[in-house]
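Got your viewer open? Let's take a short walk through this model, one selection at a time.

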Amino acid sequence: MSPRTSEQDRRLEAIEALVCRDVGRKTQALIDANRGGLAGAAASLATATRVGLITGFFVPRGDVAAPETDGPVGTALLAAALAACGVPARIAVDTPSVEAVRSAVRATEEMVTVDEIVLGQEGAIEETIALWRRDRLSHVVAIERCGRSADGKPRNMRGVDVSPWTLPLDSLFEGGPWAKLAVGDGGNEVGMGKLPAGLIAEHVPNGAEIACVTSCDHLVVAGVSNWGAYGLMAALAVLRPDWRPTIAKFLTAERDFFVTDSIVKEAGAVDGVTAQRVATVDGFGPEIHGPLVDRLGRIAWGEGAH
């Protein structure tokens, strides 16, 4: 990959400004502390030869028990774009969220392997680590995946221990010589350990309790985690012009809504904020997500970065 130009830097900054912004969670301090993280993550991913992705955030709330829409959608579209660009991709997810991921992958119509890690099966994580090592992955990307807090338990933003539905896939993330990238939108996701726990504790609800201790090489702190995945796609289109026409097929408002709607209808996914089974993500509908995705595309293709 050639050295970055000033024009590419302007586009990358515009992409980060669009997807890495506080949407009402009081995360601006986390975003500021990680400024430039998206460009660094994209520059690393632009050199990938084989990629593994990890996602799946389960929502147990009242009479609702379902995977959330944030995570599987962005993960599937990023994986599909990479695969279509000639970089084989596979996604690991535990049983409670596997149908949402499978549905999302089907909706992309691209060949991406889904590795189910069965809840309660002894040695399942270790087997997947061995599989990924044999596959010689160069990069692993965790997107909206709840990680271990200081007491070893994964906790949602309400501070609830979700370990009955959440395997410690931090071990898979850390289990090989691959470059480790992470996308999150709070403080409890895999990779957020790259930021000081005290900073997370100070700026997000239940921060001290939920702060994930698992770190990474490159972190993207997004307003919505799916946006972080789309930001990486847009940044890859900037850094890899040879990939740009292929990425353009996946980075569209129509694709975003179709995949989101598919996992709601086929896998019963819910909005992680409202816990409703509708095609929204973190309380935002297509009238918010769609224009943002289209704007990312315009920036990536060279429009609107100034």
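## Starting in the middle of a sheet

Select strand 4 and look at its two faces: Ala89, Ile91 and Val93 on one side are all buried, and so are Arg90, Ala92 and Asp94 on the other. Keep in mind that you are looking at a predicted model. Strand 4 covers residues 89-94, and 6 of its 6 residues are buried, so the rest of the structure largely encloses it.

Which strands sit beside it? Add strand 1, residues 51-54, which pairs with strand 4 in the parallel sense over 4 bridges. To see how the two line up, pick valine 51: it stands opposite alanine 89 of strand 4.

Now add strand 5, residues 113-117, which runs parallel to strand 4 and is joined to it by 5 bridges. Here, click on arginine 90 and find its bridge partner in strand 5, threonine 113.

Next, show helix 5, residues 95-108: together with strand 4 and strand 5, it makes a right-handed β-α-β unit.

## On to the nonpolar cores

Time to switch to side chains. Select Leu53, Ile54, Leu78, Met233, Ile247 and Leu296, the residues that touch the most other members of the largest nonpolar core, which has 96 residues. Then colour helix 10, residues 225-239, which gives the most to this core with 11 residues.

What does leucine 296 touch? Leaving aside residues up to four places away in sequence, its contacts are Ile15, Leu18, Val19, Tyr230, Gly231, Ala234 and Leu251.

For a last stop, pick Val64, Ala66, Val270 and Ala275, which are among the 5 residues of a second, separate core.

Technical notes
Residues numbered from 1 in each chain as written. Predicted model: local features only at pLDDT ≥ 70, side-chain atom pairs only at ≥ 80, totals over all residues. Heavy atoms only, no water. Buried < 20%, exposed > 50% of the residue type's maximum accessible area, 1.4 Å probe, protein only. Pairing = 2+ DSSP bridges. Right-handed = clockwise from strand over helix to strand, strands pointing away. Core = buried A, V, L, I, M, F, W, Y, C linked by side-chain atoms within 4.5 Å. Contact = heavy atoms within 4.5 Å.
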